[in-house]
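Biologist: I am new to this structure and would be grateful for a guided account of it. May I put a series of questions to you?

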Amino acid sequence: MLKGIPKILSPELLKVMCEMGHGDRIVIADGNFPSESVGKDAKVIRMDGHGACEVLEAVLELFPLDTYVEKPVNLMEVVPGDKVDTPIWGEYEKLVKAADARGPEAIGHIERFAFYEEAAKAYAIVATGEGALYANVMLQKGVV
């Protein structure tokens, strides 16, 4: 056991976060995201019993966001014509604001298929059991 580490963070996820360097990206994926196929060249960490917000909150306690890019946090855009509400994005904004002085200004959006392409280049993908649609979030690591 370690002090000060959120209990939701498994030893595997902690190891991966430590291995990552400046500019590396990690995706916290919802339950519909094709984590295994998109992440075939990445480290895929299964956290099926957890929601994306609780994982994001714990990761942001330890994970510095990149200050050398304008948008170190990126969400998957809603496909035009898809009538889906994304209330989880407001929760993400609160969590990012608590972790980074830029707040919601640190958050960008990437078109769905471009998000898949960028996620395929990520160092790691955390596959959660999140049921909200368009709940995928990609973080770019900064320096301490």
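Modeller: The questions and answers below go from the overall fold to single residues, and the model they concern is predicted.

Biologist: How many helices and strands are there in the protein chain, and what pattern do they follow along the sequence?

Modeller: The protein chain contains 5 helices and 6 strands. Read along the sequence, these elements give the pattern α-β-α-β-α-β-α-β-α-β-β.

Biologist: What is the radius of gyration of the protein chain, and what does the globule rule give for 144 residues?

Modeller: The C-alpha trace spans about 45 × 30 × 25 Å along its principal axes. For 144 residues the globule rule gives 15 Å, and the protein chain is close to that value, so it is as compact as a globular protein of that length. The radius of gyration itself is 14 Å.

Biologist: Among contacts between residues at least 6 apart in sequence, what percentage join residues at least 24 apart?

Modeller: As background, buried residues make up 48% of the 144 residues in the protein chain. Among the contacts between residues at least 6 apart in sequence, the share that joins residues at least 24 apart is 87%.

Biologist: Is helix α3 roughly parallel or roughly antiparallel to helix α4?

Modeller: Helix α3 covers residues 52–62 and helix α4 covers residues 88–99, and their axes lie 10 Å apart. The two helices pack at an angle of about 10°. An angle under 35 degrees counts as roughly parallel, so α3 and α4 are roughly parallel.

Biologist: Which residues of α3 meet α4, and how many residues of each class are in the contact?

Modeller: On the α4 side the residues are I88, E91, Y92, L95, V96 and A99, and they are met by A52, C53, L56, E57 and L60 in α3. By class, the contact has 9 nonpolar, no polar and 2 charged residues.

Biologist: Which elements do the buried residues of α3 pack against?

Modeller: The buried residues of α3 are A52, V55, L56, A58, V59 and L60. They pack against α1 (11–19), β1, β2 (43–47), α4, β5 and β6.

Biologist: What is the geometry of the aromatic pair of F33 and F115?

Modeller: The count of aromatic pairs comes to 3. In the pair of F33 and F115, the ring centres are 6.2 Å apart and the planes stand at 85°. Planes over 60 degrees apart count as edge-to-face, so this pair is edge-to-face.

Biologist: How many residues apart in sequence are the parts that the pair of F33 and F115 ties together?

Modeller: F33 is buried at a relative accessible area of 7%, and F115 is buried at 0%. F33 lies in the loop between β1 (25–29) and α2 (35–38), whereas F115 belongs to helix α5 (residues 112–119). The pair therefore ties together parts whose separation in sequence is 82 residues.

Biologist: Where do F113 and Y116 lie, and what kind of pair do their rings form?

Modeller: F113 and Y116 both lie in helix α5, 3 residues apart, which is about one turn of the helix. F113 is partly exposed at 46%, while Y116 is buried at 19%. Their ring centres are 5.9 Å apart and their planes at 65°, so the pair is edge-to-face.

Biologist: Which residues form one aromatic cluster?

Modeller: The cluster includes F33 and F115, which form an aromatic pair. In full, its members are F33, F113, F115 and Y116.

Biologist: Which residues is P34 in contact with, leaving aside its neighbours within four places in sequence?

Modeller: P34 lies in the loop between β1 and α2, and it is partly exposed at 27% relative accessibility. Its C-alpha atom is separated by 10.0 Å from that of I125, 91 residues apart along the chain. Leaving aside neighbours within four places, P34 is in contact with G39 and Y116.

Biologist: Is S35 buried or exposed, and which residues does S35 touch beyond four places in sequence?

Modeller: S35 is found in helix α2. Its relative accessibility is 3%, so S35 counts as buried. Not counting residues up to four places away, S35 touches A29, V44, R46, I125 and A127.

Biologist: What is the phi of Y134?

Modeller: Y134 is placed in the loop between β5 (124–128) and β6 (137–140), and it counts as buried at 10% relative accessibility. Although Y134 is not a glycine, its phi is positive, at about 55°.

Key. Residues are numbered from 1 along each chain as its sequence is written. This is a predicted model: local features need pLDDT of at least 70, side-chain atom pairs count only at pLDDT 80 or more; totals for chains, interfaces and linings use all residues. Side-chain values use heavy atoms; hydrogens and water are left out. Rings of Phe, Tyr and Trp (its six-membered ring) pair if their centres lie within 6.5 Å; planes under 30 degrees apart count as stacked, over 60 as edge-to-face and the rest as tilted. Helices (H or I, at least four residues) and strands (E, at least two) are DSSP runs, numbered from the N terminus. Buried means under 20% relative accessible area, exposed over 50%, partly exposed in between (1.4 Å probe, protein chains only). Axes are lines fitted to C-alpha atoms, for helices over the stretch in contact, and angles run from 0 to 180 degrees between N-to-C directions. Angles under 35 degrees count as roughly parallel, over 145 as roughly antiparallel, 65 to 115 as roughly perpendicular and the rest as oblique. Contact means heavy atoms within 4.5 Å. Ala, Val, Leu, Ile, Met, Phe, Trp, Tyr, Cys and Pro count as nonpolar, Asp, Glu, Lys and Arg as charged, and the others, Gly among them, as polar. The radius of gyration is taken over C-alpha atoms; the globule rule is 2.2 Å times the number of residues to the power 0.38.
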